[in-house]
Amino acid sequence: MSDPDLELASRRAIYQRIADTPGIHFRALLDELEYAQGTLQYHLRWLADEDLIDVSNDGKYTRYYLATEFDEVDRAVMNALRREYSRRILAHLLTDGPLSTTELSDRLNKAQSTVSWHLSKLAEADLVTKERDGRSVVYEVSDPDRVKYLYTVHRRSFTDKVVDRILGLWDSY
């Protein structure tokens, strides 16, 4: 990179890691790049102040994106895809949806309360819709094409091969 804003090797490394792993969170950057916490905070703040990166809070983590590559909706999708069980829920909904909390709980081998929590976060982010079906509520992905596209384009940055198998890696993208 010849951009004068990225002359420092440490800043360039941080920027590149964010480019390679959109939606990476602070602790992961700290672990992977092995900079001191204050150094990493300084450079992230500098990159954000210079409008080179965007900062997104998914309710649990502060995540980082290149400023020009992701709009607000894409960041919401990537935030969800960065959470293991949200990613798996989205994969099942895309493949076999609409599904109820009970069906998803059985498929994920997780407590219904855990699945329900992830579904509520996905609904808050407008990534899934819910509809009452008799005594149960079924969920469906709001914009399946966008979720499939973002997962497919960035799948190398996810470490969850279970989702790859569930989704069959969408050959259409």
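Two strands are treated as paired if DSSP finds at least two bridges between them. Helices (H or I, at least four residues) and strands (E, at least two) are DSSP runs, numbered from the N terminus. The structure is a predicted model, in which local features need pLDDT of at least 70, side-chain atom pairs count only at pLDDT 80 or more, and totals for chains, interfaces and linings use all residues. Residues are numbered from 1 along each chain as its sequence is written, and side-chain values use heavy atoms, with hydrogens and water left out.

**View 1. The open sheet of three strands, in the order S4-S6-S5.** Pairing in this sheet is antiparallel. Strands S4 (99-100) and S5 (128-133) occupy the edges with a single partner strand each, so one side of each is left without a neighbour in the sheet. Six bridges connect S5 to strand S6 (residues 136-141) in the antiparallel sense. Within this pair, Glu131 lies opposite Val138 of S6.

**View 2. The hairpin of S2 and S3.** Strand S2 (residues 53-57) and strand S3 (residues 62-66) run antiparallel and are joined by five bridges. Ile53 faces Leu66 of S3. Four residues lie between the strands of the hairpin, where Gly59 adopts a positive phi near 100 degrees.

**View 3. The surroundings of Tyr64 in strand S3.** Tyr64 has a relative accessible area of 8% and is therefore buried (buried means under 20% relative accessible area, exposed over 50%, and partly exposed in between, with a 1.4 Å probe and protein chains only). Contact here means heavy atoms within 4.5 Å. Leaving aside residues up to four places away in sequence, Tyr64 touches Ile18, Pro22, Gly23, Ile24, His25, Phe26, Leu29, Leu44, Ile53, Asp54 and Val55. Gly23 is 41 residues from Tyr64 along the chain, yet their C-alpha atoms are separated by 5.0 Å.

**View 4. The crossing of helices H2 and H3.** Two packed helices are described by the angle between their axes and the distance between the axes. Axes are lines fitted to C-alpha atoms, for helices over the stretch in contact, and angles run from 0 to 180 degrees between N-to-C directions. The axes of H2 (residues 26-33) and H3 (residues 37-49) come within 10 Å and cross at roughly 120 degrees. The two helices are therefore oblique to each other (angles under 35 degrees count as roughly parallel, over 145 as roughly antiparallel, 65 to 115 as roughly perpendicular and the rest as oblique). At the contact, Phe26, Leu29 and Leu30 of H2 meet Gln37, Leu40, Gln41 and Leu44 of H3.

**View 5. Glu34 and Asp51, in the loops on either side of H3.** Glu34 belongs to the loop between H2 and H3 and has a positive phi, near 55 degrees, although the residue is not glycine. With 69% relative accessibility, Glu34 counts as exposed. Asp51 belongs to the loop between H3 and S2, and its phi, near 60 degrees, is likewise a positive value in a residue other than glycine. Asp51 also counts as exposed, at 60% relative accessibility.

**View 6. The chain as the setting of these close-ups, with nine helices and six strands.** Of the 173 residues in the chain, 43% are buried. Among contacts between residues at least 6 apart in sequence, 51% join residues at least 24 apart.
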